[in-house]
Structure formats: structure tokens, C-alpha cells
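Subject: Structure handover

Hello,

Here is the structure I said I would pass on. My notes on what turned up in it follow below.

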Amino acid sequence: MKKNIVFAIIASISLTGCGPSLRTAQEKRIDERVDSVMELMTLDEKIGQMVLYSSDWDVTGPSLKKGYMDEIRKGNCGNIFNAYTAAYTRKLQKIAVEESRLHIPLLFGYDVIHGQKTIFPISLGESASWDLAAIEKSARVSATEAAASGINWTFAPMCDISVDPRWGRVSEGAGEDPYLGSKIAAARVHGFQGDNLADSLTILACVKHFAAYGAPLAGRDYNTVDMSRRVFLDTYLPPYKAAIDAGAMSVMSSFNELDGVPATGSRYLLTDVLRDQLGFKGFVVTDYTSINEMVNHGVADNDADAGLLAIKAGVDMDMQGDVYAKYLKKSLNEGLIPMKDIYDAVHRILYVKFMLGLFDDPYRYCSESREKRELYAPEHLAAALDMAQKSMVLLKNDNKTLPLVKGEKIAVIGELANSKRDLLGSWIAAGDGNYLQSILEELKNYNGDANTIYAEGCKKMGDDRSGFAAAIAAARRADKIVLVIGESWDWSGEAASRSNIDMPGVQTELLEKLKALNKPIVVVLMNGRPLTLTKENELADAMLEAWYPGTMGGKAVTNVLFGQYNPSGKLTMTFPRNVGQIPIFYYEKNSGRPIYLKDPKYKSRYIDCPNDPLFPFGYGLSYTTFAYSDISLSTTDLTEKGELKASVNVTNTGNAAGEEVVQCYVRDLVGSITRPVKELKGFEKIALKVGESKVVTFTITPDMLAFHRLDMTYGTEPGDYKLFIGGNSRDLKETKFKLD
Ligand code: NOJ
């Protein structure tokens, strides 16, 4: 097959270390300032800048460092995480800049994943909005609040693609798709960092977890990752790359191994790919004790050797492991590493401190009056409400069960309806489960006490059925039932993998009992991952995926249920029918024996379950309906330097104004290697009034069709393609074109 165009995987930057000749004039000016500080530093002080310790304000890993204040004072610790509030960070910063010998300011890192105080929906929920501006705004609000609380560095965005909902951390990402994931990664980086890191309202982003952490075998957190290099480069790498292209100045090395090498000791990942190919100019921090964990991985005999692997791979900063602090000097003295490795690492870290303006004013993030003004600012709460509404996905709505009508009698059932903490999900930074209204409270506010009857029914976990009778009695008195069920907030996030993803406890059993009453049942779901909802889908008349919607979640659910907001979210992860279908994702390959072949037996299929998922990627309903015209193409021949425009006319054919995410996919029909049956190449979220139509046009250029070919070069191949447009990855209009 004739090779077509070759694209460089990245812009042709090849910046290793801090080679001055490759720097821009502005970078050189900062380099000079960094060098002027470095000249004054002892070796110990240099190594101190490569150390990151957790304060005792929050626990996000297995160990705590005692005496970190003293280490700051001695110049042995240049960076702190898990510390916040203007007052506390000021206290620590004061030690660094007034009591340490060289007065070098601290970085303050924290997991500001979906909000600092005002908590937004979990990241997976946000991704379901497909609304890049709203996602960027969420990151911006999070940055504004974090920056007002003394934090100048967030450990976000998480850019890990995942196709395995057993993995609890899918809640922190943007789902399964590399294209959408890349757009969201860039939006988040831009939201956190803005255009100028020196602006004290913005904070440093950290791209994590580099790399391929989202693919642990069997969905078990921290487990081995094993994938082909091609899959890594074409599917898993793009969102990290997009985040780096968007200007992220720190990257976190992941816990997992890739191809037998733990990421934290992988020179391939941290230097060849990250710096040489992607042109990353910031610093690399490890994940929590991931240097030390290389001993458990079995690639180092002891911590000192693990430290050597890390520094040689390109790790600049040791999170909590105490390995660099303890062993780097010795390794240098023994000639095991060159001074240049330490110099480069410290240079990169100080460089970012300069970019943040910390050397100009180390207290720029520590203003208590600003903190008071920013936390829970009304416009932040408004943004959180907007995002929460946009994140919700209507999975089912038979007989127009939704929207509810104000004043109808509803029975609200389920522990989660009355829970506050669960609304926030995992990783809530300084979020406060008491400072919010539950779904029940908001439903009562809107629909009135008398029309809103509550019974718990059952807990979110466990097998206690003693509340069933009261729930059934409450439901009998109502016109409609709103059952809020799902997972406990701590059943997703880090270290929260599940081996089955069914609805926990006896919640589904309660749904069955309520169904027997023959009243319309609305199921509201709160969960941090796709669940297997086959049974719930059979029983419920309507089903709304609310994720963990954040501080304003109660109101957002109420607004959606009562049609104050017409749901517009679309799934960014496939929902399987059962756990045996996992891993499951829409961009699968066709295989040699695809299911549509006539032969009844020898096909790639299950004998006990269909191949297709319960809800496909990109799926989500609205209270209105949308009709798609056939696709029209500007040309059916895409030339090397040309472009192709594919258009559809979308019409709102229902009775409510609504928004639709119009999605464009392609399939490369014949390649030198097998190609996915569909790949997302564009999307646009449009708003349509009743009866209104809009033409949506996608532009396809050859570079969008590039991949790693048989010989691992990156480029396109000529041939026939299919192009699809529609409202989800399954129900699509289809046409063909040719790439010359
Ligand atoms: C471990 C997690 O994997 C990572 O995402 C987080 O940023 C660090 N702990 C710090 O809390």
C-alpha cells in the first residue's frame, strides 16, 4: 500500500534539558534568573527543591512526613502538598522565605480535581456535557478558589483514557475517547493556567498520570498495564499531548508499569516521549511514593537504586518518597549520576516557580480577604449549577415520564436522595458536605413539602430491607416515584476498583418492589463510573444519570427533573450490559469474524449476551427529539492538502427547546494495519428552539486521519473511508469518501 502523508507526531521541538540555544528570548531571561539563584545553592539545597512532602492537613496516600516544617526551614524541602487556606500556606511560606537560608518560595500542590470549595461534578460527569467552554470555566473557578486558598499547583487534569469501568478512577477522567479526551484536557489546562501563569488567579496544572495509568489489568487500581506501543501512541497518548500542547508545565509520572518498565523509571516515557517528542519544558513529579514502589515492582533492589532509575528516567521531583532526600547526594558522590541531572531538575522546578511569580511575591496566593471573597462566590456557585445540569445524561424516558410537573405528588425514595456528602463525589479538596442542599431538600423547595413525601427505603449499601414497607407506603400516596440510587461517593476514585459494577446492596430489589405498584418510576443515578443497569433499565420508566454533581447538585437534579433545564449530556464511556463485556468501547476493531456474519456459530460474539452495550458512547436523550438529514459532502475526494466539509441539517422535532451534541465519526476501511470501526473526529453542541433547524458542518483534513502505520511511521494511507454523523456512536447517518 502506498504511503501517504507523513506527519510529525509533534511540532518539531526537541528540547532536552535546558539547552540555552533552543530557548526563546523570554525563556532565556527566566533561565538567567534561575541560574543566578542556583549559583548560590548548596547541593543539599538543590536536592531540597526536588523534594515534595505532604502536610498533615489531608491524607492522600499511605504515608505521612512528620517534621516537614523543619525540613522547609533547613532548605531540605522546596514543595508542599495537601496544605491549604491562605493562613496556613502563609505560615509555611513564611518559614521558607524568612527562615530558610536562601528564601526560596514553596510550591503548594493539592488535588483540586473538580473544585476547591465550590465543588463541580466529578470530571467524568463534566465530560458528559461535551461543553468545552463550561469545562474550562469549571477549571478556572477551581483555580480561582484554590489560588485564593494559598494553592499554586493542582494535580490535574487527569488525562488517562480508560475503557474499564471497574477501575474506580474513571470518575476522574474524561472517558474512553482520545479525541474528546484531548479537547477536554486542553480546556482544563487552559482553565487552570489561563494565558499567563504569573496571573495570581491562575495555578499550575499537572498532567497525570503519565502514562497509560487508565488501563490497569482487570480494572484493578495500580495494577500492571500491558498494551502495544501502537495503541499507546494512537489512543492513550493524545490527551496527555494535548494538555502539554496547551502549556501545562508539570507532569506526574504514574504508578503503573508499561511494557515491563514502571513509568517512574521509564526513560522512554519521561525523556524520549515527554521531552524529546512532545517538547515538554516543565518539570516531572512522581506520584505518591512511586519511586519507592519500584522496589515492589521488582526493578530495583532498594530505594537508593530506585532513585537512580527515577533520576535517570527524567523525574525531577519526588512526591513523599524521601528517596531523593536520602540518597541523591550519595549517588552523586559515588559517581552514579552526573551533577547535570540534578542541575537540570532543579532548574526546571525553579523555572516554574519564577513563571508563577513566586520570586516576586511569595505570598501572592495567601490573602485571607481574597479567600473570603472567592470561596463560594455567587458566580462560582452559578457556574457549578450550570455545569451540573449540563453533565446529566437522560438514559431513558418512556411515555414522557419526565419532566415532572410542579405540584404533582412525588415519593422521593433512597438514602442518596437525602445525602449531602455523596453529592460531592471523591477528591473534594476543601469541599464541605454540609454547605449544600440535598436532592430531597431541593425537591421540597421546588415542589413543596406537602407534595414531596420522603422515605429512605434502604441504604445505598447493605442488605437491610426493613425500610421497604415504609417506602412502598409512601409511594402508594404519590403520583410518581423518584428513586435515587447508586454508589457511595467513596466507591469510585483512587483505590476503589470493583469486580462487579452492579447496583450495590438491595437498591434494585427495592426498585422491583416499587415497580409492582404500577406507578411511573424515575430512577436518578449517582455513581462515579458506568454501572451495569440492565435490570434497572427494564424496571424504570425514566432514568437520569446524575453522577456526583457537586455543591449545586441537588438543585441541578431538581431543575432537570422538572424540566427547568432540558438534559443535554451524552455518555463519554460505554455502559456495558454486564461485567463480562468489559473492556468495552465504541472504537473496537472489526475482527475476522464480526458478529454480523451469517454463520450462527463461528463469530466473535457471546453465547449468553449481545455484543452491543446497554448504552453506547455518545448516547443521551432530551425532552425533545432531533431529526438528522442525510450527510452532504463538499467533495468525495480528499486530497493531500485539501479538506472535506461534511454537513447535516439537524431539526428540533419535539415540543421543547433543547441542545444536541452532533457527533462526526470516520472509519478507514482498509489499512496496512486493522483500523477501528469508528473514530470520533468532531462534535458540536447546538441549541435549537422548537421546530428550528441548523446546518452543522465538520471539516476533515488529512492530518485528522493519521495513525501509526505498519512500519510505525505516523501518517495517513490513501483509500476509502466511511463518514458518519449523528447523535451518538450507534445511531448515525453514513456516507463515503476517498483519501487520495
Ligand atoms: C495519588 C494519586 O494517584 C494522584 O492522582 C494524586 O495526585 C496524589 N496521590 C497526590 O494526592
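The largest pocket holds about 1,400 Å³ of space. Its lining is made up of 50 residues, and those closest to the centre are Pro-178, Asp-234, Thr-235, Pro-238 and Glu-679. Please keep in mind throughout that this is a predicted model.

Four elements give two or more residues each to the lining of the largest pocket: helix H7 (178–193), helix H8 (229–245), strand S22 (679–688) and strand S24 (707–708). H8 has the largest share of that lining, with 11 residues. Sorted by class, the lining of the largest pocket has 30 nonpolar, 15 charged and five polar residues.

The second largest pocket has about 820 Å³ of space. It is lined by 27 residues, and Tyr-586, Glu-588, Asn-611, Asp-612 and Val-677 lie nearest its centre. In this lining, 12 residues are nonpolar, eight are charged and seven are polar.

Cavities

Six cavities of 30 Å³ or more were counted. The largest cavity contains about 120 Å³ of space. Of the 14 residues lining the largest cavity, Gln-49, Ile-72, Gly-75, Ser-100 and Ile-104 lie nearest its centre. The classes there come to six nonpolar, five polar and three charged residues.

The second largest cavity has a volume of about 100 Å³. Its lining also has 14 residues, with Thr-60, Asp-111, Asp-287, Trp-427 and Glu-494 closest to the centre. By class, the lining of the second largest cavity has seven nonpolar, five charged and two polar residues.

The ligand

Where does the ligand sit? The space it takes is the second largest cavity. There are 14 residues around the ligand, and Thr-60, Asp-111, Arg-169, His-209 and Asp-287 come nearest. Thr-60, Asp-111 and Asp-287 are thus named both among the residues nearest the ligand and among those closest to the centre of the second largest cavity. The shell around the ligand divides into seven nonpolar, five charged and two polar residues.

Three side chains place an N or O atom at short range from ligand oxygen atoms:

- Asp-111: a polar side-chain atom is 2.5 Å from an oxygen atom of the ligand.
- His-209: an N or O atom of the side chain is 2.6 Å from an oxygen atom of the ligand.
- Lys-208: an N or O atom of the side chain is 2.8 Å from an oxygen atom of the ligand.

On its own the ligand would expose 300 Å², and the protein buries 100% of that area.

Backbone points

Two cis peptide bonds are worth listing. One joins Ala-156 and Pro-157, with omega about 10 degrees; Pro-157 is in the loop between strand S4 (153–154) and H7. Another joins Phe-210 and Ala-211, again with omega about 10 degrees. Ala-211 has its place in the loop between strand S5 (206–210) and H8. H7 and H8 also appear among the elements lining the largest pocket.

Which residues have a positive phi without being glycine? Thr-85 is one of them, with phi of about 85 degrees, and it is found in the loop between strand S2 (79–81) and helix H4 (86–99). Trp-547 is another, with phi of about 55 degrees, and it lies in the loop between strand S16 (542–545) and helix H21 (553–561).

Regards

Note on methods
Residues numbered from 1 in each chain as written. Predicted model: local features only at pLDDT ≥ 70, side-chain atom pairs only at ≥ 80, totals over all residues. Heavy atoms only, no water. Near = heavy atom within 4 Å. Polar contact = N/O pair within 3.5 Å; in protein donor to acceptor, adjacent residues only side chain to side chain. Areas by Shrake-Rupley, 256 points an atom, 1.4 Å probe, with all protein chains shown as cover. 1 Å grid on protein atoms, 1.4 Å probe; cavity = no way out; pocket = protein on both sides within 12 Å on 5 of 7 lines; lining within 4 Å. Sits in = over half its atoms within 2 Å of the grid points. Nonpolar A, V, L, I, M, F, W, Y, C, P; charged D, E, K, R; others polar. Points joined across faces, edges and corners; volume = space filled by probe spheres on them.
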